[in-house]
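Trainee: I am new to this structure and would like a close look at a single part of it. Please take one helix and then work outward to what surrounds it.

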Amino acid sequence: MELNSVILTTGSSVGFFKLVNYGVGKLPIPETAQRNVWKWKNISTSFVHSLLTGVWSVLCFCIHPQMAEDLIETYSVFSHALVSVSIGYFIYDFFDMVINQKISHSWELLFHHVVVITCFGISVLTCRYVGFAVVALLVEINSIFLHLRQVLCMASLAKSTFYRVNSMINLGTYVVFRINTLAWMTRWLVLNRDLVPLISYTIGSVGLAIMTVMNIVLFYRLMRSDFMKSSREKEARKDKEKEM
């Protein structure tokens, strides 16, 4: 792929997600979310990215199954475009957070975006490891439900049945598409270390280590918020009933 094509696709992606964010702002916003309109728009834009790239990543392997057999050299224009589009989103979201939020409140995500942009950038510029990058984007399948959870919380629907169902699906997809995917990627990188240049291997290893730690922390927070909290609330209600 030519550099001009990469720049055009990535730049168009930045513009697309900027338009998505603008469009979300024109739609009705729940009253409870109006106290932080920027966050509502940001999460909604992230949801669109997850929905788009999550489905796209699955289609990449369905349309071009040979890529699953060779994650280093084999790729299609379709899969290369996916990684470029995702880079565009992360660039957009990075600057959106820098401009609209205190760095002290978002440094974890900013760091995450820098790591992703670096790793994906190497992939699209060298036209190597595109398949590996597409595997990484399977994580976005879980992000669909993760962002939907945030939207429901901001809309004060955290006690609804829909929220509870989404929490269950979110937890299941978190284990399958996030934790298992990261574990598989780490194993693949270790087994194929002789085929990967030292610089790429180092960047990939450091990136995966950071992602693994961040996702373990996030998993604990989700468990504590959606499941441990509900258990504590049930126990508190039982104690009150006993007192009565």
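At which residue does helix 7 bend, and by about how many degrees?

Mentor: The model is a predicted one, and every value below is computed from it. Helix 7 bends at Y174, by about 35°.

Start with the length of this helix. Helix 7 covers residues 161–191. Its 31 residues, at 1.5 Å a residue, should span 45 Å, and the C-alpha atoms at its two ends are 44 Å apart, so the expected span and the model agree.

Next, consider which of its residues are buried. The bend residue, Y174, is one of them. Before Y174 in the numbering come the buried residues Y163, N166, S167, N170 and T173. After Y174 come R178, T181, L182, M185, W188 and L189, which are buried too.

Helix 7 also takes part in a cavity. The structure has one cavity of 30 Å³ or more, and the volume of the largest cavity is about 30 Å³. S167, N170, L171, L222, D226 and F227 line this cavity. Helix 7 and helix 8 are the elements that each give two or more residues to the lining. Two of the lining residues, S167 and N170, are also in the list of buried residues of helix 7.

Just ahead of helix 7 is a loop that joins helix 6 (140–154) to it, and S156 lies in that loop. The phi of S156 is positive, about 60°, although S156 is not a glycine. In general, most residues other than glycine have a negative phi. With a relative accessible area of 49%, S156 is partly exposed, because the exposed class begins over 50%.

Now to the nonpolar core. The largest one has 37 residues, and V83, F120, F132 and V134 touch the most other members. Helix 7 supplies at least two residues of this core, as do helices 1, 2, 3, 4, 5 and 8. Helix 3 gives the most, with seven residues. Apart from this core lies another, of nine residues, including A33, W40, V151 and M154. As for V83, its contacts beyond four places in sequence are F120, V124, V130, A133, V134 and L137.

Two of those contacts of V83, F120 and V124, are among the buried residues of helix 4. The other buried residues of helix 4 are S106, L110, H112, H113, V115, V116, G121 and S123. Helix 4 bends as well, by about 35° at L109. C127 follows helix 4 and has a positive phi, near 60°. In the loop between helix 4 and helix 5 lies Y129, whose phi is positive at about 65° although Y129 is not a glycine. Y129 counts as buried because its relative accessibility is 10%, and buried means under 20%.

One last residue gives a distance back to helix 7. I91 lies in helix 3. Its C-alpha atom is separated by 28 Å from that of N166, and the two residues are 75 residues apart along the chain. N166 is buried in helix 7, whereas I91, at 26% relative accessibility, counts as partly exposed. Not counting residues up to four places away in sequence, I91 touches T10, V14 and I117.

Conventions
Residues are numbered from 1 along each chain as its sequence is written. This is a predicted model: local features need pLDDT of at least 70, side-chain atom pairs count only at pLDDT 80 or more; totals for chains, interfaces and linings use all residues. Side-chain values use heavy atoms; hydrogens and water are left out. A nonpolar core is a set of buried Ala, Val, Leu, Ile, Met, Phe, Trp, Tyr and Cys residues joined through side-chain atoms within 4.5 Å. Buried means under 20% relative accessible area, exposed over 50%, partly exposed in between (1.4 Å probe, protein chains only). Helices (H or I, at least four residues) and strands (E, at least two) are DSSP runs, numbered from the N terminus. Contact means heavy atoms within 4.5 Å. The expected span of a helix is 1.5 Å times one less than its number of residues. The bend at a residue is the angle between axes fitted to the seven residues ending there and the seven starting there. On a 1 Å grid over the protein atoms alone, a cavity is a set of points where a 1.4 Å probe fits but cannot get out, and a pocket is an open set with protein on both sides within 12 Å along at least five of seven lines; lining residues have an atom within 4 Å of a point. Grid points are joined across faces, edges and corners, and a volume is the space filled by probe spheres set on the points.
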